[in-house]
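User: I'd like a close look at one part of this model, explained in plain bench language. Please take me through it slowly and spell out any cut-offs as you go.

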Amino acid sequence: MRMLGSRRPGRSLLAGMFAAGLLAAPAVAQENPLPHERWSFDSLFGTFDLAAAQRGFQIYSNVCSNCHSMQYLHYRDLSGIGLEPDQIKAVAAAVTVPLGLDDQGNPKDGPANPGSVFRAPFPNQNAARSANNGAVPPDLSLIINAREGGPNYVYGVLTGYEPAPADFKLADGLYYNKMFPGHQIHMPQPLQDGTVEYSDGTKNNLDQEAHDVVTFLSWAANPEMVERKQMGVRVILFLVFMTGITYAVKRQIWSDVHH
Amino acid sequence: MVGMTKSTFANPVINWIDTRLPIFTMMQKEYGVFPTPKNFNYFWNFGALAMVNLVIMIITGIFLAMNYQPNSELAFGSIQHIMRDVNFGWLIRYVHQNGASMFFIVTYIHIFRGLYYGSYKNPRELLWILGVVILILMMATAFMGYVLPWGQMSYWGATVITNLFSAFPIVGPKIVTLLWGGFSVDNPTLNRFFSLHYLLPFVLVAVIFLHVAALHITGSNNPLGIDVKSPQDTLPFHPYYTIKDSVGICVFLIVLSALVFFAPNFLGDANNFIPANPLQTPADIVPEWYFLPFYAVLRSVPNKLLGVCMMFGSLIVLFVLPWLDTSRVRSARFRPIYRQLIFLWVAAVIVLGICGAHKPEGIWVILSRVATLYYFLHFLVVMPVLGKLERPLPLPESISNPVLGGRGGGPLPGGAPAKPMEKA
């Protein structure tokens, strides 16, 4: 069962269960099949690999955040990937964000605090569009949930850059990506082997970097996931127990009724 | 004293209240000793399940409304606020979101139960009609609720569905403007949908009250579809059916929990995680899964007005079902041909659901047309004609008789003497 990715196929899967496999599930409109990576958060009890998520945050901070906002995240949320309060304060303080107006009514900038929203790279959509060849870089808070295929799709885009085939007409200023629908993407290849330097000695090849940043983004899109699954296990165990008890009582009560 | 109840409750406080407002006597009569056919199977759980589901939806909905902003600039962000910052907001929202799907699963099974066992027939026609009203109100409520997160699919779904009304001549465009509160889906649309989404569930409660009131006049149907003949055929509702419904409620909660905790977005659409953008149409506009069969009926007709009429017709035909079915035998157990064809109808609905999820091209157009044809044929031709032609199996004498015979439902061996009941 997939926990995170999203799912038009899922809907027809439900119908398909009833149809007893009479009809094929719809094909996702994708010429290249999605990669099937293993994710720490995949399984029923899967959690986020916090070290990977922290490395992913490093990539987001150093690379992605130059163009992509994450407007639904606050620095305080980083406790969810295992950062200590002191670390969060330091991370926030290193970033300059708008802090409203000063006493004279002039816009004021200053270091962020843990309660600040992640710094947005552009003040507004128009600025973002004009700086990026006409395309607004999407906010990444929910990107994993907002794409068919979820983490595998985002991983596929990050690792899907290759030279355009000879017969492919690539528009000016666009890049060829085998995973992106239509294969022409405004984003230049963001990650390559060695784009970031990991302090924990993890190999910094493209595959590892993409893996780490997708882990971070998956957490960002579903920060409640670990708590949710843990609660789910307890709730369902309780309900199974209740079902057993209730059924036993039902049998007891009905025992004097003759069928 | 005139009109005062003679309460039989021993507790003085309850007795005092009951004498002046006999709610305890009423509850005792309607849910305590209420005579209920003894042969219900688990299909008879689903009415109670739908009731429980509605209560869950109303409670979670009230808490969501405390934190939601019905404003096109703020709505999407306020959902994320609920998911991330409100204490257990994610739980409340996921229960509400998946509760909607469960509500339809439960209600569709409840409706199938009614169709299979002929619960819509004399004397329960009005009960059935109220049920169809409930279904339509539920659909309207669910549709408007899906718009509130103001994601791409919310916005474009609202645009497509409200635009359907424009197919009606003369009044159509006026209706659409009225629904929108302007000339496109925008903030006024969101405001009025939020208001109505909060209102309609309480209208639902009222209609469900009438539905249940009507049920308590006619009494429940049962898997044999024959009338209750004697007290031996029934059991008091409590404790027999309160406990049986409780078993169903536990199982229902397990299924709901599995969705909420382990696959909360399984039935959703990725596009609704993108904020509404009036300038960018998603590649594929698909309604929620529970509307897919009706969406497929709509798209199976090349003419817009006719398609809209067929779509609404697929619901409206249910109103006259009690008079379209000419067979006087209720339960499909005793109707060998109907018993097959009702499953053909179910298959048609499922095929329509699958067609609704696909772009209307190639095989899907043909399939949805065939299925739509049978959907209507079943109600408009098969049911009236079959009622006249079909030779039903012999009906059992009473509910307690075949129940004594072991395997319920089959034709009884002729003249088998009824064993005396041990429990009257």
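Analyst: **Chain A up close, then a helix pair in chain B**

Going along the sequence, chain A reads α-α-α-β-β-α-α-β-β-α-α. That makes seven helices and four strands, where helices (H or I, at least four residues) and strands (E, at least two) are DSSP runs numbered from the N terminus. A quick word on ground rules: this is a predicted model, so local features need pLDDT of at least 70 and side-chain atom pairs count only at pLDDT 80 or more, while totals for chains, interfaces and linings use all residues. Residues are numbered from 1 along each chain as its sequence is written, and chains are lettered from A and ligands numbered from 1 in the order in which they are written.

Chain A has 259 residues, and 33% of them count as buried. Buried here means 20 or more other C-beta atoms within 10 Å of the residue's own; exposed means 12 or fewer, partly exposed is in between, and the C-beta atoms are placed from the backbone. Take the contacts in chain A with a separation of 6 or more: 60% of them join residues 24 or more positions apart. A contact needs the two C-beta atoms, placed from the backbone, to lie within 7 Å.

Now for helix H2 of chain A, residues 50-62. Its 13 residues should span 18 Å at 1.5 Å a residue, and the end C-alpha atoms are 18 Å apart, so the two agree; the expected span is 1.5 Å times one less than the number of residues. The buried residues of H2(A) are Ala52(A), Ala53(A), Gln54(A), Arg55(A), Gly56(A), Phe57(A), Ile59(A) and Tyr60(A). Helix H6 (206-221) of chain A is included in what covers them.

Further along, strand S1 (residues 96-101) of chain A pairs with S2(A) in the antiparallel sense, over four bridges; pairing takes at least two bridges found by DSSP. Pro98(A) sits opposite Asp109(A) in S2(A). The two strands make a hairpin with five residues between them, and Gly105(A) in the turn has a positive phi of about 90 degrees. Strand S2 of chain A (residues 107-111) is hardly covered: of its five residues, zero are buried.

One oddity sits in the loop between helix H4 (125-131) and helix H5 (150-158) of chain A, which holds Asn133(A). Asn133(A) is not a glycine, yet its phi is positive, about 60 degrees. With 12 C-beta neighbours inside 10 Å, Asn133(A) counts as exposed.

For comparison, here is a helix pair in chain B. The axes of helix H5 (residues 89-116) and helix H6 (residues 125-147) of chain B come within 12 Å and cross at roughly 160 degrees. Such axes are lines fitted to C-alpha atoms, for helices over the stretch in contact, with angles from 0 to 180 degrees between N-to-C directions. H5(B) and H6(B) are therefore roughly antiparallel: angles over 145 degrees count as that, under 35 as roughly parallel, 65 to 115 as roughly perpendicular and the rest as oblique. Among the contact residues are Phe103(B) of H5(B) and Trp128(B) of H6(B). In the loop between H5 and H6 of chain B you'll find Pro123(B), and the peptide bond from Asn122(B) to Pro123(B) is cis, with omega near 10 degrees.
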